[in-house]
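User: I would like a close look at a single part of this structure, the second largest pocket. Which residues line the second largest pocket, and how does the rest of the chain look around this part?

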Amino acid sequence: MSAVANATTAWRKAGLSYSSYLAIAARTVRDSLKKEVQTPQVMNRGKTDAAFTKYEKGSPQSDPIPLQE
C-alpha cells in the first residue's frame with residue numbers, strides 16, 4: 001500500500017468532521033481580515049439557524065423550536 005493511501009488528514013486525526021474543519025477554517029480566515037473589511041455582512045456569513053419540529057404520522061405536532069448551541 002502506498003504512503004498516500006495510509007495518510008490520515010490532520011482534521012481527521014483531530015477528531016473533526018470535514019464540515020467542522022471547513023467551518024473553523026472559514027472563521028479563522030474571516031477573523032484574520034483587516035478591520036475595515038470585517039463588515040457585519042462578511043462576519044455573519046458563517047452563521048446558520050436550525051430548528052426542530054416533532055412529526056407524527058406526517059403531521060407536525062409542534063411549532064419549530066430553535067436549536068441552541
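Analyst: Helices (H or I, at least four residues) and strands (E, at least two) are DSSP runs, numbered from the N terminus. In these terms, the chain follows the pattern α-α-α-α-β-β-β-β along its sequence, with four helices and four strands. This is a predicted model, in which local features need pLDDT of at least 70 and side-chain atom pairs count only at pLDDT 80 or more, while totals for chains, interfaces and linings use all residues. Residues are numbered from 1 along each chain as its sequence is written, and side-chain values use heavy atoms, with hydrogens and water left out.

The pocket itself comes next. A pocket is found on a 1 Å grid over the protein atoms alone, as an open set of points where a 1.4 Å probe fits, with protein on both sides within 12 Å along at least five of seven lines; its lining residues have an atom within 4 Å of a point. Grid points are joined across faces, edges and corners, and a volume is the space filled by probe spheres set on the points. The second largest pocket holds about 180 Å³ of space. Its lining consists of Ala 23, Ala 26, Arg 27, Arg 30, Asp 31, Met 43, Gly 46 and Lys 47. Helix α3 supplies the largest share of this lining, namely five residues.

Helix α3 spans residues 18–31 and includes Tyr 18. Because its relative accessibility is 45%, Tyr 18 counts as partly exposed (buried means under 20% relative accessible area, exposed over 50%, partly exposed in between, with a 1.4 Å probe and protein chains only). Together with Tyr 21 and Leu 22, Tyr 18 forms a nonpolar surface patch with about 290 Å² of accessible area. Such patches are made of residues with over 30% relative accessible area and no salt bridge, nonpolar side chains (Val, Leu, Ile, Met, Phe, Trp, Tyr) being joined within 5 Å and like charges within 9 Å. Tyr 21 is 9.5 Å from Ala 10, C-alpha to C-alpha, and 11 residues from Ala 10 in sequence. Ala 10 belongs to helix α2 (residues 10–13) and counts as exposed because its relative accessibility is 61%.

Elsewhere, a search of the whole structure finds one salt bridge, a side-chain nitrogen of Lys or Arg within 4 Å of a carboxyl oxygen of Asp or Glu. Glu 56 and Lys 54 form this bridge, their closest N and O atoms being 3.8 Å apart. Across the chain of 69 residues, 6% are buried.

Technical notes
Accessible areas come from the Shrake-Rupley method with a 1.4 Å probe; for residues, only the protein chains shown count as cover.
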